[in-house]
Amino acid sequence: MSLSCPLLLCLAAALSSAFVISSSNMWTKLILTHHWPSTFCSMEHCHPNISYWTLHGLWPDKGMECNSSWHFNSSEIEDLLPDMEKSWPDLLKPTSSGFWKYEWHKHGTCAAKSPSLNSQHKYFSKALELYHNVDLDSILKKFDIVPSSQKFYKFVEIEGVLENFYGIKPKIQCFHPSQNADVQILGQIEICFTPDFTRLDCEKQIAQDWDHSMSVNKASGFSVCKPDIPVYYPPLP
């Protein structure tokens, strides 16, 4: 018995609707976030002994804590742990896996909506891969943007180096010690990617993403660097 054409059309419409509903909940951008240990520890009262940019997280632009029943299991990423400890350290508790657990629950379970990131190993290994490919620390050094207690940088110097090298607009964030401070402290740099891991301007985001973006900034203590205020890039204390 064959299906009639009207019935086939109805089935196609139903499947199409289901896909649209599913797709509407899918994130559209990944944010690879680096932080500078000296600045982070000046805010959080830890003792930095790392003089390179470390990985803060890989964040989809939609959703937080998308699956509370999907528990972090370090045995699933055992082969990644040596690199995790170096590239993605917990600056507050260096011997703990609590930071990775937090990042998985808050962001990884949402990133896992994509088949390419739908396991803990895929999520953490892709974050490490992108971090090493971006190689932020080396690029800043290559163009003489280095930590210094003797000089301040113009924001456009840092922004220009990153835009020219990566070919996209990153999000550069600073810590502002007070509302009227005459200097801002470089703290966090985001490089953004499409779902297929192509670099993307971080400002290219749909309207629904704005609240999430702002909440991330507020929670971290960083905000977008102001273009007209000198930038301090602090060395290890």
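Over the ring of which residue does the charged end of Lys86 sit, and at what distance from its centre? In this predicted model, the ring in question is that of Tyr52, with the charged end of Lys86 placed 4.7 Å from the ring centre. A further arrangement of this kind involves Lys126, which lies over the face of Phe197 at 4.3 Å from the centre of the ring.

Aromatic side chains also associate with one another, and 14 aromatic pairs are found in the structure. One of these is formed by Phe165 and Tyr166, whose rings are arranged edge-to-face, with 5.1 Å from centre to centre and an angle of 90° between the planes. The two partners of this pair can be described by their accessibility: Phe165 has a relative accessible area of 36% and is therefore partly exposed, whereas Tyr166, at 5% relative accessibility, counts as buried. Elsewhere, a single aromatic cluster is made up of Trp70, Phe72, Trp88, Trp104, Tyr123 and Phe124.

Trp88 and Phe124 of this cluster reappear in the largest nonpolar core, a set of 47 residues in which Trp88, Phe124 and Leu162 touch the most other members. Helix H5, spanning residues 120–134, supplies the largest share of this core, with 7 residues. Apart from this core lies another one, of 5 residues, which includes Phe40, Cys46, Ile50 and Leu91. As for Leu162, when residues up to four places away in sequence are not counted, its contacts are Leu136, Leu140, Gly167, Ile168, Pro170, Ile172 and Ile189.

Conventions: Residues numbered from 1 in each chain as written. Predicted model: local features only at pLDDT ≥ 70, side-chain atom pairs only at ≥ 80, totals over all residues. Heavy atoms only, no water. Core = buried A, V, L, I, M, F, W, Y, C linked by side-chain atoms within 4.5 Å. Buried < 20%, exposed > 50% of the residue type's maximum accessible area, 1.4 Å probe, protein only. Helix = DSSP H or I, 4+ residues; strand = E, 2+ residues; numbered from the N terminus. Contact = heavy atoms within 4.5 Å. Phe/Tyr/Trp six-rings, centres within 6.5 Å; stacked < 30°, edge-to-face > 60°. Lys NZ or Arg CZ within 6 Å of the ring centre and 35° of its normal.
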